[in-house]
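Visitor: Could you take me on a close look at one strand of this protein and what lies around it? I am in my first year, so please go step by step.

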Amino acid sequence: MDAEVLYLNGEFKSLEDGWVRIEDRGFELGDGIYEVVKVMNSKAVWLEDHLVRLYRSLGEIRLTDASVGHEFETVLPELVERSGIANGMVYVQVTRGHAPRDFVFPHPPNPTVLAYARAKKLPTEEEIHRGTVLHPVEDMRWARCDIKSTNLLAAVLAKEEAKEAGADEALFLDSEGLVREGGSSNVFAVLDGVIRTHPLSNRILGGITRLHVIEIARALGYTVEERAFTLADITSAAPAGCEVFTASTLKDMLPVVRVGSHQVGDGKAGTVTLTVLDRFRQIQAALVGLPEPRPLAAGR
Ligand code: PMP
């Protein structure tokens, strides 16, 4: 049986026994950062990459010292083991802790450090083939989207709007129609045989999946350019010359079959997308000690 185990400020306890104070700055001010790590076959996938990003986020909000005394490299795998989950996620959050409400930093710092593991279904072959639908919205977020901040209100509203429009994910566009990323994913397009995605900047989160997709696609011989594309590039492309996919930790790569009212390609998962995803899934399975998954490209 899966147990909901929490790591809170150095102690393991059950998730329902974990409390933070009302004046925690994460709660009142959104003064915190987080990470989501995928668990497959009871192993935390690409943990080192997530920890590099976690420490970077902490540095960017000047909270580096919060990680002192918390050995995430060992605590997070231990959390997965104690939770007994095979597939799901580890959620990690670090806030500037509780202090009488004030915008400026409390002295001395008093961070809240927590992590828990939760079982979650990873996408099935059927879901991958069915593909995903994006709903374009104007990007109303702040100008530091490279920090994995717990301030997610703009993404919450965008993703709810997407859901109400019958889509699966929001697609953040700048005022010129340039595709930045998804509500909680990076977005790639295959245009004229070139795989493109928004370059790393303050306008997007540097996704761990994005990183591995780029590396894997290049190793397969594809040209990958970190060069943004517009919504019009997708909607005006000849169906045969266009694929779109999302990339995120808990969903890997998902083929996009529709953006707003526009069908992408032939409305099915694209061949380049599935070829890269097959290699991605092979590599991940090998990393966590699972047998090689059945190729998806063959089932197209
Ligand atoms: N962009 C945003 C805005 C996200 O919230 C996420 C998911 N955390 C991603 C991209 C994908 O990042 P990752 O591959 O590290 O999950």
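Guide: Happily! Let us begin with a pair of strands: β10 is joined to strand β11 (residues 194-197) by four bridges, and the two run antiparallel. Keep in mind that this is a predicted model.

One of the paired positions is easy to find: Val190 has Ile195 in β11 as its bridge partner. Together β10 and β11 make a hairpin, with two residues between the strands. In that turn, look for Asp192, whose phi is positive, at about 50 degrees. That is worth a pause, since most residues other than glycine have a negative phi.

Now turn to another partner of β10. Six bridges link β10 to β13, and this pair is antiparallel too. Here Phe188 of β10 stands opposite Phe245 in β13.

How well covered is β10 itself? Strand β10 covers residues 186-191, and six of its six residues are buried, so the strand is largely enclosed by the rest of the structure. To read the next step, recall a rule of thumb: in a regular strand the side chains alternate between the two faces of the sheet. On one side of β10 sit Asn186, Phe188 and Val190, and on the other sit Val187, Ala189 and Leu191. Both faces are covered, as each of these residues is buried.

Step back along the chain from β10 and you reach Ser185, in the loop between β9 and β10. Although it belongs to a loop, Ser185 counts as buried, because its relative accessibility of 7% is under the 20% cut-off. The side chain of Ser185 also makes a polar contact of 2.7 Å with the side chain of Glu169.

The strands β9 and β13 bring us to the ligand. β9 (179-182), α6 and β13 (242-248) each provide at least two residues of the shell around it. There are 16 residues around the ligand, and Arg53, Lys148, Glu181, Thr209 and Thr249 come nearest. Sorted by type, the shell has three nonpolar, nine polar and four charged residues.

Some of these neighbours are worth a look at the level of atoms. Lys148 has a side-chain N or O atom 2.4 Å from a nitrogen atom of the ligand. Glu181 places a polar side-chain atom 2.6 Å from a nitrogen atom of the ligand. For Thr249, a polar side-chain atom lies 2.6 Å from an oxygen atom of the ligand. As for how covered the ligand is, it would expose 390 Å² if taken alone, and the protein buries 91% of that.

Helix α6, which also contributes to the shell, deserves a visit of its own. This helix runs over residues 208-219, twelve residues in number. From its first C-alpha to its last it reaches 17 Å, close to the 16 Å expected at 1.5 Å a residue. The buried residues of α6 are Ile208, Thr209, Arg210, His212, Val213, Ile214, Ile216 and Ala217. Thr209 appears here again, having been listed among the residues that come nearest the ligand. Just after the helix, Gly221 takes a positive phi of about 100 degrees.

Since Asp192 in the hairpin turn has a positive phi, let us compare two other residues with that feature. Arg62 has a phi near 55 degrees, a positive value in a residue other than glycine. Its place is the loop between α2 (47-60) and α3 (72-83). Arg62 is exposed, with a relative accessible area of 64%. Asp252 has a positive phi of about 50 degrees, and it is not a glycine either. Asp252, however, is found in strand β14 (residues 252-259), and at 10% relative accessibility it counts as buried.

One last stop is a feature of the backbone. Most peptide bonds are trans. Between His107 and Pro108, though, the peptide bond is cis, with omega about 0 degrees. Look for Pro108 in the loop between β5 (88-95) and β6 (112-119).

To return to where we began: β10 has antiparallel bridges to β11 and to β13, and its residues are buried on both faces.

Note on methods: Residues are numbered from 1 along each chain as its sequence is written. This is a predicted model: local features need pLDDT of at least 70, side-chain atom pairs count only at pLDDT 80 or more; totals for chains, interfaces and linings use all residues. Side-chain values use heavy atoms; hydrogens and water are left out. The expected span of a helix is 1.5 Å times one less than its number of residues. Buried means under 20% relative accessible area, exposed over 50%, partly exposed in between (1.4 Å probe, protein chains only). A residue is near a molecule or strand if one of its heavy atoms lies within 4 Å of it. A polar contact is a pair of N or O atoms within 3.5 Å; within protein, one must be able to donate a hydrogen and the other to accept it, and residues adjacent in sequence count only if both atoms are side-chain atoms. Accessible areas come from the Shrake-Rupley method with a 1.4 Å probe; for residues, only the protein chains shown count as cover. Ala, Val, Leu, Ile, Met, Phe, Trp, Tyr, Cys and Pro count as nonpolar, Asp, Glu, Lys and Arg as charged, and the others, Gly among them, as polar. Two strands pair if DSSP finds at least two bridges between them.
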